[in-house]
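Trainee: I'd like to go through this one label by label and ask what stands behind each. Can we start with the loops and work outwards?

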Amino acid sequence: MTTVARLVLGGVLIAAGALKIGNPADSVVAVKAYQLLPESIAVTVGYALPILEIVVGLLLVVGLLTRVAAVIGGLLMFAFVFGIAWAWAHGLRIDCGCFGGGGQLGVGQEPAYLLDILRDFGLVLLGGWITRFAPGRYALDGALGLGGDNRNEGEYDDEQG
């Protein structure tokens, strides 16, 4: 389960970052649309977010520094849940910008806040699972002896019945 969780959360982060990194100005627009951060911080976050998503996603996929990457990935997803809920509560009509784009919605477009929150909250739960049961199978942490506890998932399953 941990390996699948790593691949899902890591894959989502890589896809989200890759879709934004080619046009960082859109990422900045998306972050500003939430009206949560001061201008200078929103610009910095907008430029840094795609890079952070890709790096954390790659670490999760290869299973390197898995527990740290899972905590960061889970916190990122929690921040996205908070931001989307904020936008919804404040009556903003924005695209979450989760996978590129973002900003104000056009005429006739409706926000999909509930689906975005449910998806991201599920990813928060995956981050928590990975943090608890890291590193999982096929992880570089295990091969390099960095996982802390080098038992594999099957051994955990055997112990828990």
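Trainee: Where is glutamine 35 in the chain?

Mentor: Glutamine 35 sits in the loop between H2 and H3. Keep in mind that this is a predicted model.

Trainee: And why is glutamine 35 called exposed?

Mentor: Exposed starts over 50% relative accessible area. Glutamine 35 has 53%, so the label is exposed.

Trainee: What is said about the phi of glutamine 35?

Mentor: Its phi is positive, about 55°, and glutamine 35 is not a glycine. As background, most residues other than glycine have a negative phi.

Trainee: What about the phi of tyrosine 138?

Mentor: Tyrosine 138 also has a positive phi, near 60°, and is a residue other than glycine. Look for tyrosine 138 in the loop between H5 and H6.

Trainee: What makes tyrosine 138 exposed?

Mentor: Put its relative accessible area of 73% against the cut-off of over 50%. Tyrosine 138 therefore counts as exposed.

Trainee: What kind of peptide bond joins alanine 134 and proline 135, cis or trans?

Mentor: The bond is cis, with omega about 5°. Most peptide bonds are trans. Proline 135 is in the loop between helix H5 (113-133) and helix H6 (140-144).

Trainee: Back to the loop between H2 and H3. How do you know that leucine 37 is partly exposed?

Mentor: Partly exposed covers the range between the buried limit of 20% and the exposed limit of 50%. Leucine 37 has 40%, so the label is partly exposed. Its place is in the loop between helix H2 (24-33) and helix H3 (39-62).

Trainee: Which nonpolar patch does Leu37 help to form?

Mentor: Leu36, Leu37, Ile41, Phe78 and Phe82 form the patch on the surface, and together they have about 450 Å² of accessible area. A patch residue needs over 30% relative accessible area, and leucine 37 has 40%.

Trainee: On to the helices. Why are H3 and H4 called oblique?

Mentor: Two packed helices are described by the angle between their axes and the distance between the axes. The axes of H3 and helix H4 (residues 66-89) come within 9 Å and cross at roughly 140°. Roughly antiparallel would need an angle over 145 degrees, so H3 is oblique to H4. The H3 and H4 crossing is left-handed.

Trainee: And what makes H1 roughly antiparallel to H3?

Mentor: Helix H1 (residues 2-21) packs on H3 at about 150°, with the axes 7 Å apart. That angle is over 145 degrees, which makes H1 roughly antiparallel to H3. H1 passes H3 in a left-handed crossing as well.

Trainee: How many salt bridges does a search of the whole structure find?

Mentor: The search finds five.

Trainee: Why is the contact of lysine 32 and glutamate 39 called a salt bridge?

Mentor: The nitrogen has to be within 4 Å of a carboxyl oxygen, and here N to O is 2.7 Å. The side chains of lysine 32 and glutamate 39 therefore meet in a salt bridge.

Trainee: And how do you know that glutamate 110 and arginine 93 form a salt bridge?

Mentor: Their closest N and O atoms are 3.5 Å apart, and the limit is 4 Å. Glutamate 110 is in the loop between strand S2 (103-104) and H5, while arginine 93 is in the loop between H4 and strand S1 (94-95), so the pair ties together parts that are 17 residues apart in sequence. Glutamate 110 is exposed at 62% relative accessible area, whereas arginine 93 is partly exposed at 32%.

Trainee: Which salt bridge does aspartate 116 form with arginine 119, and how far apart are the closest atoms?

Mentor: The closest N and O atoms of aspartate 116 and arginine 119 are 3.4 Å apart, and the limit is 4 Å. The two residues are three apart in helix H5, so about one helical turn separates them. Asp116, Arg119 and Asp120 are linked in a network of salt bridges.

Trainee: Why is aspartate 116 called buried?

Mentor: Buried means under 20%, and aspartate 116 has a relative accessible area of 11%, so the label is buried. Arginine 119 has 30% and is partly exposed.

Key: Residues are numbered from 1 along each chain as its sequence is written. This is a predicted model: local features need pLDDT of at least 70, side-chain atom pairs count only at pLDDT 80 or more; totals for chains, interfaces and linings use all residues. Side-chain values use heavy atoms; hydrogens and water are left out. Patches are made of residues with over 30% relative accessible area and no salt bridge: like charges are joined within 9 Å, nonpolar side chains (Val, Leu, Ile, Met, Phe, Trp, Tyr) within 5 Å. Accessible areas come from the Shrake-Rupley method with a 1.4 Å probe; for residues, only the protein chains shown count as cover. Helices (H or I, at least four residues) and strands (E, at least two) are DSSP runs, numbered from the N terminus. Buried means under 20% relative accessible area, exposed over 50%, partly exposed in between (1.4 Å probe, protein chains only). Axes are lines fitted to C-alpha atoms, for helices over the stretch in contact, and angles run from 0 to 180 degrees between N-to-C directions. Angles under 35 degrees count as roughly parallel, over 145 as roughly antiparallel, 65 to 115 as roughly perpendicular and the rest as oblique. A crossing is left-handed if the near helix is turned anticlockwise from the far one by less than a right angle, and right-handed if clockwise.
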